[in-house]
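Welcome, and thanks for taking a look at this one with me. Please open the structure beside the text and follow along.

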Amino acid sequence: MTQNSRFSCPPVAGRLFIARHGETVFNAAKRLQGDHLHTPLTRAGFAQADAMGAALADVLGTRPALSLWASDTGRALQTLAVITEHLQLDWHDAVPDPRLVEIGMGSWGGRYYADVIAEVGPVIDAPEMLLKPAPDGENYAAIADRVSDWLRAHACDTDDKLIIMHGISSRVLRGVLLGLPPHPVFGAPVAAGLPQGSVVMIADGREEIVVTGTGGGHA
């Protein structure tokens, strides 16, 4: 099996609206959060979620036929709660799935960027702004495997989906959906980065930006 076929996914019916959660207290403090479960949104993060909800309501209207999915982290579920108010959908219908979580940062998780950089050097691969995996953390191929597994599990679904994710894991999911080749350094498909509070729509292998967020931040 080639590396390209490893990350290939069957055609996905319906539209996928993939959103990156709003700014969190870890983002504001410049800490690596990775797969930490509970890092709440800041006021800026709630404002970004409001903007995403308003943009999606403009595209989809109220009470759209849309299934709701999210990483099982607090920040993703908080973001979804605000968006569903705009769409007049029931947050309780959402399905949290750990396959949608952020890159696991191992012993770097929860630490300040500055402290980790002082020990090991740069942890952001510029200019693409990709986090370097921690020695005891998760690599990009592992992220691609789990998001591809999620896609295969829902390949036969015909509904539109809203998926609330994270900076790195959403880039890998988008890369898989768009059929991008594996990144030459990180060994998995990775789409271009977008700010926190952004939403894209992917349908028939093509991507369209619904809203570009105002946040920054890494994983």
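**Briefing: a covered helix, a sheet and some charges**

The buried residues of helix H7 are Gly167, Ile168, Ser169, Ser170, Arg171, Val172, Leu173, Arg174, Gly175, Val176 and Leu177, where buried means under 20% relative accessible area, exposed over 50% and partly exposed in between, with a 1.4 Å probe and protein chains only. This is a predicted model, in which local features need pLDDT of at least 70 and side-chain atom pairs count only at pLDDT 80 or more, while totals for chains, interfaces and linings use all residues. Residues are numbered from 1 along each chain as its sequence is written, and side-chain values use heavy atoms, leaving out hydrogens and water.

**Helix H7 and its cover**

- H7 spans residues 167-177, and 11 of its 11 residues are buried; helices (H or I, at least four residues) and strands (E, at least two) are DSSP runs numbered from the N terminus.
- The buried residues of H7 are covered by elements including strand E1 (16-20), strand E5 (130-131), helix H6 (140-153), strand E6 (160-165), strand E7 (199-203) and strand E8 (206-211), with contact meaning heavy atoms within 4.5 Å.
- Just after H7, Gly179 adopts a positive phi of about 70 degrees.

**The sheet**

- Six strands form an open sheet in the order E3-E2-E6-E1-E7-E8, with mixed pairing; two strands pair if DSSP finds at least two bridges between them.
- Its edge strands are E3 (95-96) and E8, each pairing on one side only.
- E1 and E6 pair in the parallel sense over five bridges, and Ile18 stands opposite Ile163 in E6.
- Helix H4 (residues 74-87) packs on the sheet and touches strand E2 (66-70), E3 and E6. The direction of H4 makes about 140 degrees with that of E6; axes are lines fitted to C-alpha atoms, for helices over the stretch in contact, and angles run from 0 to 180 degrees between N-to-C directions.

**Glu102, a buried charge**

- Glu102 sits in the loop between E3 and helix H5 (113-120).
- Which side chain of opposite charge is nearest to Glu102? That is Arg146, 5.7 Å away, and the buried Glu102 has no salt bridge. Here Lys and Arg count as positive and Asp and Glu as negative, while His and the chain ends are not counted; a salt bridge is a side-chain nitrogen of Lys or Arg within 4 Å of a carboxyl oxygen of Asp or Glu.
- The Glu102 side chain does reach two backbone nitrogens in H7: that of Ile168 at 3.0 Å and that of Ser169 at 2.9 Å.

**Salt bridges**

- Searching the whole structure gives eight salt bridges.
- Asp97 and Arg99 meet through their side chains in one of them (2.8 Å, N to O). Asp97 is buried at 7% relative accessible area, whereas Arg99 is partly exposed at 23%.
- Lys161, buried with a relative accessible area of 1%, forms a salt bridge with Asp157, the closest N and O atoms being 3.8 Å apart. Asp157 counts as partly exposed at 24% relative accessibility.
- Lys161 also forms a salt bridge with Asp159, with the closest N and O atoms 3.0 Å apart. Asp159 is partly exposed at 28% relative accessibility.
- Through salt bridges that share partners, Asp97, Arg99 and Asp149 join into one network.

Definitions and conventions
Polar contact = N/O pair within 3.5 Å; in protein donor to acceptor, adjacent residues only side chain to side chain.
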